[in-house]
Amino acid sequence: MASLVAMSSKPGAPLAPPSGPGGQIDYRLARRRLVDAVRGGRVARLDVCDAHPELLRAARNVGTALGETCPICEDAPVVLVSYLFGPSLPASGRCVTSTAEIDRVAQGARSGPLTCYVVEVCPACGWNHLHRNFLVPHGARRGRAAATRR
């Protein structure tokens, strides 16, 4: 079972799903399968090191350190970048850096729940993989929550 970490709205803290029903989807098994395929030569490195330039920019400027080395280049640390998507947000989503920012956006959302996507990114080689996602209920205030970091 994964460990729980207390969440805060200070910069650098991993973002948490809201407490209550819903939870989150974690993509560790898919990540492990893909990394094994790259290391085994079944998938080309170029096929997985293809981060969009805006994702790389966000990773370099507002990414939260995961505390792990990139599984592909094995040279640089990976960071987490979080985006919110929902009916009242731009089609490209909104990059968020804290739980307080998620709360502000959720409070201002005109309709429907928001979905937060947390992406693992290596700013050096461009590796990117969906780390987890979770729903943020419309107008929800989450306060301090506990969440699975890994």
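Four helices and eight strands make up this protein, where helices (H or I, at least four residues) and strands (E, at least two) are DSSP runs numbered from the N terminus. Colour by secondary structure and follow the chain from the N terminus: the order is β-β-α-α-α-β-β-β-α-β-β-β. What you have open is a predicted model, in which local features need pLDDT of at least 70 and side-chain atom pairs count only at pLDDT 80 or more, while totals for chains, interfaces and linings use all residues. Residues are numbered from 1 along each chain as its sequence is written, and side-chain values use heavy atoms, with hydrogens and water left out.

**The whole chain**

Switch on the surface. About 8,100 Å² is exposed, and carbon and sulfur atoms supply 53% of that; the areas come from the Shrake-Rupley method with a 1.4 Å probe, and for residues only the protein chains shown count as cover. Of the 150 residues, 45% are buried. Buried here means under 20% relative accessible area, exposed means over 50%, and partly exposed is in between (1.4 Å probe, protein chains only). Now for contacts, meaning heavy atoms within 4.5 Å: among those with a separation of 6 or more, 67% join residues 24 or more positions apart.

**Helix 1**

Select 28-39. Helix 1 has 12 residues and spans 16 Å from its first C-alpha to its last, close to the 16 Å expected at 1.5 Å a residue; the expected span is 1.5 Å times one less than the number of residues. Show side chains and pick out Arg31, Val35, Ala37 and Val38, which are buried. They cover an arc of only 160° around the axis, so they sit on the same side of helix 1; the arc is that of the directions from the helix axis to the C-beta atoms. Flip to the other side for Leu29, Arg32 and Arg33, which are exposed. What do the buried residues of helix 1 pack against? Helix 2 (45-48), strand 3, strand 6 and strand 7. Just after helix 1, stop at glycine 41, with a positive phi of about 80°.

**The cores**

Next, select Ile72, Leu84, Leu114 and Trp127: these have the most contacts inside the largest nonpolar core, which has 25 residues. A nonpolar core is a set of buried Ala, Val, Leu, Ile, Met, Phe, Trp, Tyr and Cys residues joined through side-chain atoms within 4.5 Å. Helix 1, strand 4, helix 4 (99-108), strand 6 and strand 7 (128-136) each supply at least two residues of this core. Centre on leucine 84 and, leaving out residues up to four places away in sequence, you'll find that it touches Leu89, Gly93, Arg94, Val96, Ile102, Val105, Leu114, Thr115, Cys116 and Val136. Another core, of 10 residues, lies apart from the largest one; Leu56, Ala58, Val79 and Val119 are among its members.

Two members of that second core lead to proline 123, which is in the loop between strand 6 and strand 7. Those two are Leu56 and Val79. Setting aside neighbours within four places in sequence, proline 123 is in contact with Leu56, Ala59, Arg60, Pro77 and Val79. Proline 123 is buried, at 19% relative accessible area. Draw a C-alpha to C-alpha distance from proline 123 to valine 78: 7.1 Å in space, with their positions 45 residues apart in sequence.

**The aromatic pair**

A search of the whole structure finds one aromatic pair. Select phenylalanine 85 and tyrosine 117: the ring centres are 5.7 Å apart and the planes stand at 75°, so the pair is edge-to-face. For the bookkeeping, rings of Phe, Tyr and Trp (its six-membered ring) pair if their centres lie within 6.5 Å; planes under 30 degrees apart are stacked, over 60 edge-to-face, and the rest tilted. Phenylalanine 85 is in strand 4 (residues 77-85) and tyrosine 117 in strand 6 (residues 114-121), so the pair ties together parts that are 32 residues apart in sequence. Are these two residues buried or exposed? Phenylalanine 85 is partly exposed at 30%, and tyrosine 117 is partly exposed at 29%.

**Strand 7 and strand 2**

From tyrosine 117, hop to asparagine 133, one of its contacts. Asparagine 133 is in strand 7 and counts as buried, at 10% relative accessibility. Beyond residues up to four places away in sequence, asparagine 133 touches Gln24, Ile25, Tyr27, Thr115, Cys116 and Tyr117.

Glutamine 24 is the next pick, in strand 2 (residues 24-26); it is partly exposed, at 24%. The C-alpha atoms of glutamine 24 and phenylalanine 134 are separated by 4.4 Å, although these residues are 110 apart along the chain.

**Last stop**

Finish at glutamate 74, in the loop between strand 3 (64-69) and strand 4. Its phi is near 50°, a positive value in a residue other than glycine. Glutamate 74 is exposed, with a relative accessible area of 52%.
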